[in-house]
Every structure is written in structure tokens, then in C-alpha cells.
Amino acid sequence: MGALFTSLGRTVSAGVVLLVLIVVVAGVATGQSIKVDHAYATVIMRWLHVVCGIMWIGLLWYLNFVQVPTMPKIQPAESRTAITRFIAPTVLWWFRYAALATVVTGLLLAAMNKYIVEALTLRPGFVMIGIGMWMAMVMAFNVWFIIWPNQQKILGLVEATAEEKAAAAPRALYASRFNTMFSIGMLYCMVAQQNAPI
């Protein structure tokens, strides 16, 4: 077991193998094997969308509920270097690409289910999912074009003066808090479309 759980790659691979086993065993046990067709492809795309969304919003909430409030409490201040030099850049890499993957898989899912135009134009029956999609796209824009450029300055990943770093901090914080605020409604819209479409 140690070899499996000491490597993230092996752990994730084992999770995928477990998933395949669950699907195969459930199909054999019920006599309802999976048909690899368009309907099943949309199931896989929805699953990928949810997985990417969990990564994105999970990291957004980690940053806002854990890392940002905890940083000022770390004393001496020099001890914060481990987070700013090693943890934060890695978190922000996964955060950015999870945001991108969430939006791409969501748009692909909407296209596969043939409601992308209806959702993006907020037509009746697709208003909730459309609002959720627009909110997610605004949030992804914030990640890539406000949060990330400012975090690069704050973390010293690009050259910036002390004044530029000081100005970058509130911009990154406010965009991240905006996304946290938006995530609550966005997640509701995604769930509501499935259960109470408007």
C-alpha cells in the first residue's frame, strides 16, 4: 500500500482503475453494460467537468478560507517563504488550469447536449445554466487576467517594484474574493438546471 499512496500519480491512476472496475462490475451485475455512444460520451464529459470544477473551486476556497487568512499569522514573517516560493506557485498553476479545463469541458458539454446557444443567450429553459456559464466565464477571466498577473508580481515570479507589488496585492485579493462570492451563485445555477430549470 505504501508504494500506491506515496505517489500521487499512482494514487490517481489507481482511482481511475477503481472507477473502471466499478463501471464494469456494475454493468455485469445488472446486465446493463455501458454502450459507448454519444450519450455515454456526455456522461464522461460531465464527469470531467465536475472533476475540474471541484479542483478549481476547491483551490479557490482553500486560498480564501485557509491560505490568505493564515499567512499574516505565520511568525516570523521569514517562515512564509516556503508558502510563497513553493506552495503558492503550485497552487496557482493547478488553479489556473482547473479554471480553464472547467470552462472548456462545460462548453463542450453544452455543445454535446445541443444547448450551448440557448444557454449563452439565456433562452427559457436554459436561464439557470446560462447564468452559471456566464458567471464561470467571468470567474475564469479573473483567474487568468487579474489574479494570475498580480500574483506573479506578489510572488516575485516576474520583476516588479515594491510599489507594483503593493498595488498588486489588493487587486489579486479583491478578484479572488469576487470569485468566491460568484462561486456560490454559480454552483447553485449549475445544480438548479438539473433539478429546477427555468
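I looked up Arg96 first and found that it lies over the face of Trp144, 5.5 Å from the ring centre. The charged end of Arg96 also sits over the ring of Trp148, at 3.7 Å from its centre. I count a charge as over a ring if NZ of Lys or CZ of Arg is within 6 Å of the ring centre and within 35 degrees of the ring normal.

A note on the source: this is a predicted model, where local features need pLDDT of at least 70 and side-chain atom pairs count only at pLDDT 80 or more, while totals for chains, interfaces and linings use all residues. Residues are numbered from 1 along each chain as its sequence is written, and side-chain values use heavy atoms, with hydrogens and water left out.

Next, the aromatic pairs. I searched the whole structure and got seven of them. Rings of Phe, Tyr and Trp (its six-membered ring) pair if their centres lie within 6.5 Å; planes under 30 degrees apart are stacked, over 60 edge-to-face, the rest tilted.

Trp93 and Trp94 are an edge-to-face pair, 5.0 Å centre to centre with 85° between the planes. Trp93 is partly exposed at 40% relative accessibility, and Trp94 is partly exposed at 42%. The cut-offs are under 20% relative accessible area for buried, over 50% for exposed, and partly exposed in between (1.4 Å probe, protein chains only). Ring pairs join Trp93, Trp94, Tyr97 and Trp144 into a cluster.

I then checked Tyr115 and Phe126, which form a stacked pair at 5.8 Å centre to centre and 20° between the planes. Tyr115 is buried, at 13%; Phe126 is partly exposed, at 25%.
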